[in-house]
Amino acid sequence: MKRITFPISLATFFSIAISCTGNKGIQEDTTEHLARLEIDSVVDMGTFPSSSPVKTLDIDIANSGDTTLFLTAAVPECDCTTVEVTNSVLEPGERSAIRATLNLSEFIAPMTVEKRFAILCNSEHNRAIYVTLVGHLER
């Protein structure tokens, strides 16, 4: 008599055994845990007199997600803008601020200037968050 053998791995055996029991008692956590950066997308920094063309403002931020938020960088689009992240780790529900400075000394008044910066973080699928700073330069 000829013997037929079927190679079966231990993992295959256990997966068959689990599927036969209907996965009772085994539950998979399918909840997606996300960090969410809450920040205004446009921040009006007000009026800049030509005698004082530099302003600094603290912009409120918060983590409204359910996992830790990591702010890895803040990248301005040009040299007239600087951005400082004071707290790079925010737990769920925690609030902080980002300090932004807009220097309009190279611009000719009167004019309204819009400058952007990007915040790189793990918020909602690792996307960059863009913020526009608006300043109104007067004579």
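**A walk from Lys115 through the fold**

Leaving aside residues up to four places away in sequence, Lys115 touches Glu77, Cys78, Cys80, Thr81, Leu102, Phe107, Val131, Thr132 and Leu133. Contact here means heavy atoms within 4.5 Å. The model is predicted: local features need pLDDT of at least 70, side-chain atom pairs count only at pLDDT 80 or more, and totals for chains, interfaces and linings use all residues. Residues are numbered from 1 along each chain as its sequence is written, and side-chain values use heavy atoms, with hydrogens and water left out.

Start with the overall layout. The protein has one helix and nine strands. These are DSSP runs, numbered from the N terminus (helices H or I, at least four residues; strands E, at least two). Along the sequence the order is α-β-β-β-β-β-β-β-β-β. The helix, H1, covers residues 10–20. Much of the contact is long-range in sequence. Among contacts with a separation of 6 or more, 67% join residues 24 or more positions apart. Of the 139 residues, 30% count as buried. Buried means under 20% relative accessible area, exposed over 50%, and partly exposed in between (1.4 Å probe, protein chains only).

Now return to Lys115. This residue lies in strand S8, residues 111–121. What is the nearest side chain of opposite charge to Lys115? That side chain is Glu77, 4.2 Å away. For this purpose Lys and Arg count as positive, Asp and Glu as negative, and His and the chain ends are not counted. Lys115 is buried, yet has no salt bridge. A salt bridge requires a side-chain nitrogen of Lys or Arg within 4 Å of a carboxyl oxygen of Asp or Glu.

One contact of Lys115 is Cys80. Cys80 sits in the loop between strand S4 (69–76) and strand S5 (81–85). Is Cys80 buried or exposed? Cys80 counts as buried, because its relative accessible area is 12%. Beyond four places in sequence, Cys80 touches Thr101, Leu102, Asn103, Phe107 and Lys115. Asn103 is 23 residues from Cys80 along the chain, but their C-alpha atoms are separated by 5.0 Å. Leu102 and Phe107 also appear among the contacts of Lys115.

A second cysteine, Cys121, is buried as well, with a relative accessible area of 7%. How many disulfides does the structure hold? There are zero. A disulfide is a covalent bond between the sulfur atoms of two cysteines. Here the test is a pair of cysteine sulfur atoms within 2.5 Å.

Cys121 leads on to Arg127. Not counting neighbours within four places in sequence, Arg127 contacts Ile119 and Cys121. Arg127 is found in the loop between S8 and S9. Its relative accessibility is 43%, so Arg127 counts as partly exposed.

The whole structure has three salt bridges. Glu124 takes part in a bridge to Arg127, with the closest N and O atoms 3.7 Å apart. Salt bridges that share partners join Arg36, Glu124 and Arg127 into one network. The other bridge in this network pairs Glu124 with Arg36, at 3.6 Å from N to O. That pair links distant parts of the chain, 88 residues apart. Glu124 lies in the loop between S8 and strand S9 (128–138), while Arg36 lies in the loop between helix H1 and strand S1 (37–38). Glu124 is partly exposed, at 25% relative accessibility. Arg36 is also partly exposed, at 30%.

Asp58 and Arg99 form another salt bridge, at 2.7 Å from N to O. This pair also connects distant parts of the chain: Asp58 is in strand S3 (residues 54–63), Arg99 is in strand S7 (residues 95–103), and 41 residues separate them. Asp58 is partly exposed, at 41% relative accessibility. Arg99 falls in that class too, at 35%.

Finish with the rings. The charged end of Lys55 sits over the ring of Phe48, 5.1 Å from its centre. The criterion is NZ of Lys or CZ of Arg within 6 Å of the ring centre and within 35 degrees of the ring normal. How many aromatic pairs does a search of the whole structure find? The search finds zero. Rings of Phe, Tyr and Trp (its six-membered ring) pair if their centres lie within 6.5 Å; planes under 30 degrees apart count as stacked, over 60 as edge-to-face and the rest as tilted.
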